[in-house]
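The following paragraphs walk through a protein model, from its core outwards to a helix and a strand. Keep the structure in view while reading.

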Amino acid sequence: MKEEEVKRCQIQEWYPKFKSVSIKTQIHELPELFVEYLLDDSGPFLLPESITGEDALPQRIRNPEEEDDFQVPEDSEDESEQPSPPPCFPELELVVKQSIETFDGAVFPKLNWSAPKDAAWISTTGNLKCTSFSEIALLLKSSETLTHDLCHAFDSCDDKTSSRPSTFYLALRKWYPSFHPEMEFRCFVSHRHLIGISQREVTSFYPVLLEKKEVLEISIQKFFMENVQKVFESENYTFDVYVTEDGRIKIVDFNPWGAFTLPLLFDWEELETGLVENGDPVQFRIIDTRCGVRPGLKTAVPYDYLDTSPGSGWDQFLRNADEELRMQSKSPEAGA
């Protein structure tokens, strides 16, 4: 993989070319001080101080049991004991506020490549919907996934010259409350040919996909040939699409081929060897039975927060899930 291939998958690079067939998005350059803020874990978890007064989140996220650690005697003159003031990014906050207003009051954020999906658990809604600058900062600051963007973006490149791009961007994308996860798909392109399509959400079985599979396959292939194949410059890459209720297709994202990109219902070895040869049809994979669901905790809670030791609640939950899966695999319906 080459560095330029990874760079092409940055949203600020591809979105202008595919704006007409993508989700409405506004992109803002991030000041380096804000990037440093996201990476700084040396002190308490501070949210930026709002200049508009509209953000309702507390400025400091802390453990109540550690309250005494942050208390400073009134007569203390030692500045080192004073709590750190919250950071402030007034210019960034203003443009973010304007974008939120443009998109009817709600957006979801991402950086050059990644969205903070792993931090959705910390939001009040349990998803990436944001209505204020503080909510966006909270998600970005809490995400470990974004650390890859910030520090290791080019680690898998053969011609790596640096670990990160010189500039980071915040993409604010319009929030659509009627989003259906079963209608998002990952497409795999090898040597400029679409060779595979996978259901994006692989931890659930959606019967509706069985009914629509043939139509979806034809629509996505047509969309690729008309809108993507001759426009995106890389030979090997993946891209995610969303199919709306009225059948329109929207590009959600582009990702590099291999490396940290999940192959979902494929594996990279078979993709590398070539699924399509001599005019073979594109392979479109969905989960077609409940037994085909891929394992994955859907709680959106960080792994470290889970107690899976013998006898714990999660231990019992996982045992029950395994037993249910065994029962399903033995049922007559599963063997049909």
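Leaving aside its neighbours within four places in sequence, which residues is F239 in contact with? In this predicted model, the contacts of F239 are F185, R186, C187, V189, L194, F224, V228, D253 and F254. Two of these partners, V228 and F254, appear again in the description of the nonpolar interior: together with F239, they touch the most other members of the largest nonpolar core, which has 69 residues. That core draws at least three residues from domain 1 (24-54 + 88-174) and at least three from domain 2 (181-285). There is also a second, separate core of 6 residues, with I195, W257, F266 and L271 among them.

Some totals for the protein give the setting. It has 10 helices and 10 strands. Of its 336 residues, 41% count as buried. Among contacts with a separation of 6 or more, 69% are between residues 24 or more positions apart.

Helix 4 can be taken next. It covers residues 90-102, and at 1.5 Å a residue its 13 residues should span 18 Å; the C-alpha atoms at its ends are 18 Å apart, so the expected and modelled spans agree. The buried residues of helix 4 are L92, E93, V96, S99 and I100. Seen down the helix axis, these buried residues fall within an arc of 125°, and therefore they line one face of helix 4. E91 and E101, on the other side of helix 4, are exposed.

What lies over the buried residues of helix 4? The covering elements include strand 1 (25-29), helix 3 (32-39), strand 4, helix 5 (133-142) and strand 5. After helix 4 comes D104, which has a positive phi, near 60°.

Strand 4, one of the elements that cover the buried residues of helix 4, spans residues 107-110. In a regular strand, side chains alternate between the two faces of the sheet. Are the residues on the two sides of strand 4 buried or exposed? V107 and P109 lie on one side, F108 and K110 lie on the other, and all four are buried, with both faces of the strand covered.

Strand 4 pairs with strand 5 (residues 169-174) in the antiparallel sense, over 4 bridges. Within this pairing, V107 has K174 of strand 5 as its bridge partner. Both strand 4 and strand 5 are thus met twice: in this antiparallel pair, and in the cover over the buried residues of helix 4.

Definitions and conventions: Residues numbered from 1 in each chain as written. Predicted model: local features only at pLDDT ≥ 70, side-chain atom pairs only at ≥ 80, totals over all residues. Heavy atoms only, no water. Buried < 20%, exposed > 50% of the residue type's maximum accessible area, 1.4 Å probe, protein only. Pairing = 2+ DSSP bridges. Core = buried A, V, L, I, M, F, W, Y, C linked by side-chain atoms within 4.5 Å. Domains from an automatic or database assignment. Contact = heavy atoms within 4.5 Å. Expected span 1.5 Å × (residues − 1). Arc of directions from axis to C-beta.
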